[in-house]
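Work through the exercises below with the sequence and the model side by side. Each task is followed by a worked solution.

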Amino acid sequence: MVNTLVTVRTARARDAAEIANVHDLSWREAYRGIIPGSELEKMISRRGQRWWESAIKRGSNILVLDFDESVVGYTTYGRNRAKSIPYKGEIYELYLIPEFQGLGFGRRLFKGARADLARHNCDTAVVWSLEENDRAVAFYRHLGGTSVKRAPEKFGEETRDRIAFGFE
């Protein structure tokens, strides 16, 4: 019998390279064909190991999904940045490497972030997703998110619509 330990925990500085890898793989999977190629590559290249080390050292709210001592997912979160919508917290990012998507691990990361937000008096939260990212849109709807706002986002010369999902 093989036992595999799966945990959601706070990111540590030594996780930075693995988080950067999750970011790279998941963004390529999620946004290829949605965000123009050169813009996507620029966005991915800005988030290497050093960027994640710095974010962790600054005390950014980052949880990782640790699967058998390997980071296979992460979420970042904090106070809502869009003051035009009445939610206290915001989940900024939630990503898993492609092989771990659709298995319930995203829900674990989401619940972990929501629980930590609630401990910091953020009992409501919002999450933004590009409208064309069908997998993310379905995920947040499945979790009970309600579409509360739409807004454009520019990627180079192109614009994509994004949706804010509110969670009470």
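**Exercise 1.** How far apart are the mean positions of the positive and negative charges of the protein?

Solution. The model is a predicted one. Step one is to count the charges: the protein has 27 positive and 23 negative ones. Step two is to take the mean position of each set; these two points lie 5 Å apart.

**Exercise 2.** Give the order of the secondary structure elements, then judge the overall dimensions of the protein.

Solution. Start with the inventory: five helices and seven strands. Read from the N terminus, they follow the order β-α-α-α-β-β-β-α-β-α-β-β. For 168 residues the globule rule gives 15 Å, and the radius of gyration is 16 Å, close to that value, so the protein is as compact as a globular protein of that length. Along the principal axes, the C-alpha atoms occupy a box of roughly 45 × 40 × 35 Å.

Next, turn to burial and contacts. Buried residues make up 49% of the 168. Among contacts with a separation of 6 or more, 62% join residues 24 or more positions apart. The accessible surface amounts to about 9200 Å², and carbon and sulfur atoms contribute 48% of it.

**Exercise 3.** Where is Pro-36 located in the chain, and which residues does Pro-36 touch beyond four places away in sequence?

Solution. First place the residue: Pro-36 sits in the loop between α1 (16–31) and α2 (37–45). Then check its exposure. The relative accessible area of Pro-36 is 18%; the cut-off for buried is under 20%, so Pro-36 counts as buried. Leaving out residues up to four places away in sequence, the contacts of Pro-36 are Phe-155, Glu-158 and Arg-160. Finally, compare chain and space for one of these partners: Phe-155 is 119 residues from Pro-36 along the chain, yet their C-alpha atoms are separated by 7.0 Å.

**Exercise 4.** Which residues of helix α5 are buried, and what do the buried residues of α5 pack against?

Solution. Within α5 (residues 134–142), the buried residues are Ala-136, Val-137 and Tyr-140. Viewed down the helix axis, the buried residues of α5 fall within an arc of 100 degrees, so they line one face of the helix. Their packing partners are β4 (89–96), α4 (105–119), β5 (125–130) and β7 (158–167). Now look at the face turned away from the buried side: Asp-134, Arg-135 and His-142 are exposed there. The last step leaves the helix: just after α5, Gly-144 has a positive phi of about 100 degrees.

How values were computed. Residues are numbered from 1 along each chain as its sequence is written. This is a predicted model: local features need pLDDT of at least 70, side-chain atom pairs count only at pLDDT 80 or more; totals for chains, interfaces and linings use all residues. Side-chain values use heavy atoms; hydrogens and water are left out. Helices (H or I, at least four residues) and strands (E, at least two) are DSSP runs, numbered from the N terminus. The radius of gyration is taken over C-alpha atoms; the globule rule is 2.2 Å times the number of residues to the power 0.38. Buried means under 20% relative accessible area, exposed over 50%, partly exposed in between (1.4 Å probe, protein chains only). Contact means heavy atoms within 4.5 Å. Accessible areas come from the Shrake-Rupley method with a 1.4 Å probe; for residues, only the protein chains shown count as cover. Lys and Arg count as positive and Asp and Glu as negative; His and the chain ends are not counted. The place of a charge is taken as NZ of Lys, CZ of Arg, CG of Asp or CD of Glu. The arc is that of the directions from the helix axis to the C-beta atoms.
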